[in-house]
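Trainee: Got a minute to go through this model with me? I'd like to start with the pockets.
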Amino acid sequence: MSRVVLAMSGGVDSSVAAHLLQQQGHEVVGVFMRHGVQSPAAVCSVEPSSDPAGAAASGPAPLAAERRADHKQGCCSASDAQDARRVTDRLDIAFYALDMQGEFAQIMDYFVAEYTAGRTPNPCVVCNNWLKFGKLFEYADAVGAEFVATGHYARLVRPADEATPHLLRGVDTAKDQSYVLFGVQRRMLSRMLLPVGEYRKPQIRQLAGELGLRVADKRDSQEICFVTSGEHAAFVRQRRGGGIDTSGEFVTNDGRVLGNHDGIERFTVGQRKGLGIAVGQPLFVLRIDPDARRVVLGRREELACRGLSANRTNWLTDPPSGPFRCRAMIRYNAQPAAATAQALADDRLDIQFDEPRFGVAPGQAVVCYDQDRVLGGGWIEQTY
């Protein structure tokens, strides 16, 4: 029997993942990662579950009383912790909460820095890289666990002639989350388990209902877990504090001034709604100039992107030599698009699309696929 540390968010996916891992014969230790951000609401108490196997004797302190989060559905709130604890009680597995406020603070700082620099951050990818498949391996080692598991909709398949598994898209392509896992270190793939990736979402909800789990009909998380108000610009300004003015002008591609905005952190490339300016025709954010504090607006056709360069690449296969064909995904839930890619020196990547793509935002990730397999990817630096 292998011991598995399972990241539990209090949602239906990670809850059913716990059951599936049990069915596979694993000893499951459920953990909840606390980020320390609270929403105004009533206090609720989350008691620790028992540890029948003694799996986490050297682990963190039990989860203390926190505030219930009644904000837009996210993850990692106190009410989510309570849901996760109920699931572990019902399945009779150990449950511990890890205090990761310091680690989450780094992700929040990254989030603020990216928006302040005119880029569009992806904190979920960073969380997977740093925490779920980073720090949780350290915790797994501390409690003698061989594997770390999550409820992501992605698959790991080990070919007979290879030692390292391949990361594949989930069976449910509408819920596929392989994109946000591209940055996991290749050497860690053999210690990862993704039990829900072989299922479709309705099957997971049905299983949860059959198990009598209260989370069977719980909504999927839609918000960034630490932005409890749902307003990312307000979060950026609050955490950044005073002293930095990012307000400036809306301009066209040729520099014509259209109006003023109150901060570049409110915008992302490709955005059309919520611009706060009316000029008689639909306009989109083409790019953001953080130095001049200008937001450049234009028509949709001006958004067309034929290629991009990325940096800080991570490969889950041997880096291809020379140009190679792939399907490239530029953001979560986007359709992969046919492209020619080339791995360059200094962990860089060049992508040229067969057909123009729209709304390609610096700061997001680009991920290369060979059919369903994730080859690797990097962070979008520049488009052209």
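Mentor: Sure. Keep in mind that this is a predicted model. In the second largest pocket, strand S19 gives the most to the lining, with three residues.

Trainee: Which strands supply at least two residues each to that lining?
Mentor: Strand S12 (284–289) and strand S19 (373–383) each do that for the second largest pocket.

Trainee: What's the volume of the second largest pocket, and how many residues line it?
Mentor: The volume is about 280 Å³. The lining has 15 residues, and those nearest the centre are Leu286, Arg287, Val360, Thr383 and Tyr384.

Trainee: How does the lining split by class?
Mentor: Eight residues of the second largest pocket's lining are nonpolar, four are polar and three are charged.

Trainee: You mentioned S12. Where does S12 sit in its sheet, at the edge or in the middle?
Mentor: S12 is an edge strand, as is strand S11 (257–261), and each of them pairs on one side only. The sheet is open, with four strands in the order S11-S10-S13-S12, and the pairing is mixed. On average, neighbouring strands there are turned by 25° against each other, ignoring direction.

Trainee: In what sense do S10 and S13 pair?
Mentor: Parallel: strand S10 (residues 248–251) and strand S13 (residues 294–298) pair that way over three bridges. If you want a spot to look at, phenylalanine 250 has valine 295 in S13 as its bridge partner.

Trainee: OK, on to the five-stranded sheet. What's the strand order?
Mentor: S5-S2-S1-S6-S9, in an open sheet with parallel pairing. Its edge strands are strand S5 (94–99) and strand S9 (192–193), each pairing on one side only.

Trainee: S9 looks short to click on. How many bridges pair it with S6?
Mentor: Two bridges pair strand S6 (residues 147–149) with S9, in the parallel sense. Valine 148 has methionine 192 in S9 as its bridge partner.

Trainee: And which strands does helix H1 lie across?
Mentor: Helix H1 (residues 12–23) lies across strand S1 (3–7), strand S2 (27–34), S6 and S9, and runs at about 170° to S1. Helix H2 (residues 78–91) also packs on the sheet, where it touches S2 and S5, and its direction makes about 155° with that of S5.

Trainee: Now helix against helix. At what angle do H3 and H6 cross?
Mentor: Roughly 105°, with the axes of helix H3 (residues 101–116) and helix H6 (residues 232–240) coming within 10 Å. That angle makes H3 roughly perpendicular to H6.

Trainee: Which residues meet there?
Mentor: From H3 you have Ala105, Met108, Asp109, Phe111, Val112, Tyr115 and Thr116, and they meet His232, Phe235, Val236, Arg239 and Arg240 in H6. By class, the contact of H3 with H6 has seven nonpolar, two polar and three charged residues.

Trainee: Last topic, the strands further along. How many bridges join S15 to S16?
Mentor: Five bridges join strand S15 (residues 324–329) to strand S16 (residues 337–344), and the two run antiparallel. Arginine 327 has alanine 338 in S16 as its bridge partner.

Trainee: Then what about S16 and S17: parallel or antiparallel?
Mentor: Antiparallel, with six bridges joining S16 to strand S17 (residues 348–357). Leucine 344 stands opposite arginine 348 in S17.

Trainee: Which residue takes a positive phi in that hairpin?
Mentor: Aspartate 346, with phi near 60°. The hairpin of S16 and S17 has three residues between its strands.

Note on methods:
Residues numbered from 1 in each chain as written. Predicted model: local features only at pLDDT ≥ 70, side-chain atom pairs only at ≥ 80, totals over all residues. Heavy atoms only, no water. 1 Å grid on protein atoms, 1.4 Å probe; cavity = no way out; pocket = protein on both sides within 12 Å on 5 of 7 lines; lining within 4 Å. Points joined across faces, edges and corners; volume = space filled by probe spheres on them. Nonpolar A, V, L, I, M, F, W, Y, C, P; charged D, E, K, R; others polar. Axes fitted to C-alpha atoms, helices over the stretch in contact; angles between N-to-C directions. Parallel < 35°, antiparallel > 145°, perpendicular 65-115°, else oblique. Contact = heavy atoms within 4.5 Å. Pairing = 2+ DSSP bridges.
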